[in-house]
Amino acid sequence: MAGGGKGSGRPAKKKSPTKGTGGNVRRGLEGRGATPPAHLRHWHKDKARTERIEREEKGGRASSSSSRTPVRTRRSEDAPEHIGGRNSVVEALRAGVPASTLYVALRIDNDDRVKESVRIAADRGIAMLEVGREKLDRLTEGGVHQGIALQVPAYDYAHPDDLVRIAQDAAEVPLIVALDGVTDPRNLGAIARSAAAFGAHGLLIPSRRSAGVTGGAWKTSAGTLASLTVARAANLTATLREYREAGLFVVGLDGESSTDVGEANLLDGPLVIVVGSEGKGLSRLVRESCDLVVRIPMNAAAESLNAGVAAGIALYEVARHRRP
């Protein structure tokens, strides 16, 4: 049997001394101390931020593995908006909407609206790109685009005080439309059209739980948002109180009121009209912030009016009272 050792009949060779660990094992068992507080563990936050940026750059798509759920990214407030549809695009360009890019589908059937859109874009120096319809579908988020879309930058909201200043600079009696709980951008666009038609100096919307100036609002407004100022309030009730302190009369629209809008006083003075949501109407705090709450008389068979229609009727009554 080769080799020595146990059972070989020969004495085993004496092993040489082995090198020690120098206390490394003991120190390793002692741990690394207490976990640092969250604000000092920056590497977790940096890693999460890097992963989020990588997802956004990939368009929020899932990995190649079919077993993973796709990651849905949230639209940033600074992201551009897109208006789709031939009528909407040409009307927006006519109104001077601050557009940055015009997208036209490959092999589009040119009509007068497309030709005019291309001509206005060329005259204004707006970039024009020819793209596939799949790209247009993505840009308009599945909306009807008819082979053409217009990209506009994120809306730059004004301060609530700016709306009063606009009226003062024009030497006119202030007329402001405030929206409470209106979450459909199409309603915002429709209200903007009525506000512009009856001489309002701007719209006031809350910064939370409210529709903003998105592509849908641009489309419904038919370009009027290019000339009508929209302000954002961090707290709608507080802003309404400030308007009252500045001498404006705040009138809320609510179907449960016993006063008809045509019977309201002071409609020819400095005025804020507050439009509530279709289903819930005015919120309690906003209602309490109004000087007067009025209703639009209508047949009992109709439960409520569309917010855009209600705003249009109320603004017409204001314009009627203000006629010389």
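User: In this predicted model, which residue in β3 does Tyr-103 stand opposite, and what makes β2 and β3 count as paired strands?

Analyst: Tyr-103 stands opposite Leu-129 in β3. Strands count as paired when DSSP finds at least two bridges between them; β2 (residues 101-105) and β3 have five bridges, in the parallel sense, and therefore meet that criterion.

User: Why are β1 and β3 said to stand at the edges of the sheet?

Analyst: The sheet is open and has four strands in the order β1-β4-β2-β3, with mixed pairing. β1 (81-84) and β3 (127-131) each have a single partner strand, so one side of each is left without a neighbour in the sheet. From one strand to the next, the twist averages 25°.

User: Which helices lie across these strands, and at what angles do they run?

Analyst: Helix α3 (residues 86-94) lies across β1, β2 and β4 (148-152), running at about 40° to β4, while helix α4 (residues 112-124) lies across β2, β3 and β4 and runs at about 150° to β2.

User: How do you know that a side chain makes a polar contact at the start of α11?

Analyst: A side-chain oxygen of Asn-306 reaches to within 2.7 Å of the backbone nitrogen of Gly-308; the cut-off for such a pair of N or O atoms is 3.5 Å, so this pair qualifies.

User: What makes Leu-315 a buried residue, and what do the buried residues of α11 pack against?

Analyst: Buried means under 20% relative accessible area, and Leu-315 is listed among the buried residues of α11, as are Glu-317 and Val-318. The buried residues of this helix pack against β5 (175-180), α7 (185-197), β8 (249-253) and β9 (271-276).

How values were computed:
Residues numbered from 1 in each chain as written. Predicted model: local features only at pLDDT ≥ 70, side-chain atom pairs only at ≥ 80, totals over all residues. Heavy atoms only, no water. Buried < 20%, exposed > 50% of the residue type's maximum accessible area, 1.4 Å probe, protein only. Helix = DSSP H or I, 4+ residues; strand = E, 2+ residues; numbered from the N terminus. Contact = heavy atoms within 4.5 Å. Polar contact = N/O pair within 3.5 Å; in protein donor to acceptor, adjacent residues only side chain to side chain. Axes fitted to C-alpha atoms, helices over the stretch in contact; angles between N-to-C directions.
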